[in-house]
Amino acid sequence: MIRKKSRPPSEIPSSSMSDIAFLLLVFFLLVSNVDTDKGIGVVLPPPGDSEIKLNPKNITMVLVNASGDVLFNDQLVAINEIAQRARELETGNPNMVFSVQTDRKTKYQDYIDVVDQLTMANVKKLALIGTQ
Amino acid sequence: MAIKRKSKSRSGIPTATMSDIIFMLLIFFMAATSLKTVEGLKVNLPRARSIAKLDTPKQSVLFVFVDRTGRISIQDKLMDSEIVSSVIYPLRRNDNMLTISLRADQETQMGVISDVQNQLRDASALKVNYSAKHK
């Protein structure tokens with residue numbers, strides 16, 4: 001009996017291709033992190049010691065000391081009260097400038113907490129004076 | 001006349017084009033993925049509530065890392081705070097949209113942050129984003 005020689009298939013097997021593609025797809029789905037950078041956006045004051053004369057009535061001093069205590073207009077306040085107070089001041093005087101000053105040893109987290117609170121109160125004029 | 005059979009409506013999802021679709025998705029995710037390992041220093045970002053997405057295009061964002069010991073790293077190079085402005089100034093001149101994403105550790109002392117901010121001001125890089133995680 002003459003048998004035909006079984007020829008090796010000349011094409012790439014395509015039935016498993018979608019499986020492989022699926023596997024790769026799942027891999028890349030898991031690996032890719034669409035990293036969105038989130039944070040609090042601020043605009044720093046321009047360079048130079050260009051002191052703008054402000055009416056002292058329009059300035060609210062926010063001082064943060066090394067242990068994270070906040071002095072808001074010479075009053076000691078809890079951090080989560082800042083937003084409320086800032087909102088009150090802002091509605092009373094839309095030109096109010098909030099000036100945040102910290103100690104050189106203040107923790108960054110405490111500073112962010114204060115800036116966070118002020119951002120929550122939709123403060124438009126934020127002056128980040130820096131350290132004393 | 002021969003009686004024609006009614007063509008039955010096919011049941012099942014057509015699988016012939018599926019692999020094309022999958023491949024397209026695959027290519028999309030391959031292109032979108034950046035396998036680059038995270039550059040910079042290891043920082044534990046501070047937590048905040050009122051955070052928003054950075055609206056600057058990615059190529060205009062410059063990461064400035066400050067770790068808890070006060071080391072500063074920009075573009076994978078450690079540097080002193082005094083030379084930050086000289087590093088950033090040429091970048092700022094080429095890119096008006098340049099936004100600094102400040103990725104500082106929550107334990108960092110404000111002295112260093114303030115030095116960096118003053119350097120940024122000297123370099124006219126005024127748009128800053130304090131990177132934070134959601135509380």
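This passage walks through a predicted model of two chains, A and B, starting with chain A and then turning to what the chains build together.

Chain A comes with three helices and six strands. Read from the N terminus, its elements go α-β-β-β-β-α-β-α-β. Of its 132 residues, 27% count as buried. Contacts here tend to reach a long way along the chain: taking those in chain A between residues at least 6 apart in sequence, 78% link residues at least 24 apart.

Helix 3 of chain A deserves a look of its own. Twelve of its 13 residues are buried, so the helix is largely enclosed by the rest of the structure. Among the buried ones are Tyr108(A), Tyr111(A), Ile112(A), Val114(A), Val115(A) and Leu118(A), but also Asp110(A), Asp113(A) and Asp116(A). The length of the helix works out too: at 1.5 Å a residue, helix 3 of chain A should span 18 Å, and its end C-alpha atoms do lie 18 Å apart. After the helix comes Asn122(A), which has a positive phi, near 55 degrees.

Now for the meeting of the two chains. On one side, 39 residues of chain A touch 43 residues of chain B. The elements of chain A that put two or more residues into this side are helix 1 (17–31), strand 1 (38–43), helix 3 (108–120) and strand 6 (126–131). Helix 1 of chain A gives the most, with nine residues. Sorted by class, the chain A side holds 21 nonpolar, eleven polar and seven charged residues.

The chains also share a sheet. Seven strands line up in the order 2(B)-1(A)-7(B)-6(B)-3(B)-4(B)-5(B), giving an open sheet with mixed pairing. At its edges sit strand 2 (52–53) and strand 5 (77–79) of chain B, each paired on one side only. Strand 1 of chain A joins strand 7 (residues 127–131) of chain B through five bridges, in the antiparallel sense. Within that pairing, Val42(A) has Val128(B) as its bridge partner. Elsewhere in the sheet, strand 3 (residues 61–66) and strand 6 (residues 99–104) of chain B run parallel and are joined by six bridges. Val64(B) stands opposite Leu102(B), a residue of strand 6 of chain B.

Two helices lie across strands of this kind. Helix 3 of chain A crosses strand 1 of chain A along with strand 6 and strand 7 of chain B, at about 75 degrees to strand 1 of chain A. Helix 2 (residues 84–94) of chain B lies across strand 3, strand 4 (72–74) and strand 5 of chain B, at about 20 degrees to strand 4 of chain B.

Methods: Residues are numbered from 1 along each chain as its sequence is written. Chains are lettered from A and ligands numbered from 1 in the order in which they are written. This is a predicted model: local features need pLDDT of at least 70, side-chain atom pairs count only at pLDDT 80 or more; totals for chains, interfaces and linings use all residues. Two residues are in contact if their C-beta atoms, placed from the backbone, lie within 7 Å. Helices (H or I, at least four residues) and strands (E, at least two) are DSSP runs, numbered from the N terminus. Ala, Val, Leu, Ile, Met, Phe, Trp, Tyr, Cys and Pro count as nonpolar, Asp, Glu, Lys and Arg as charged, and the others, Gly among them, as polar. Two strands pair if DSSP finds at least two bridges between them. The expected span of a helix is 1.5 Å times one less than its number of residues. A residue is buried if 20 or more other C-beta atoms lie within 10 Å of its own, exposed if 12 or fewer, and partly exposed in between; C-beta atoms are placed from the backbone. Axes are lines fitted to C-alpha atoms, for helices over the stretch in contact, and angles run from 0 to 180 degrees between N-to-C directions.
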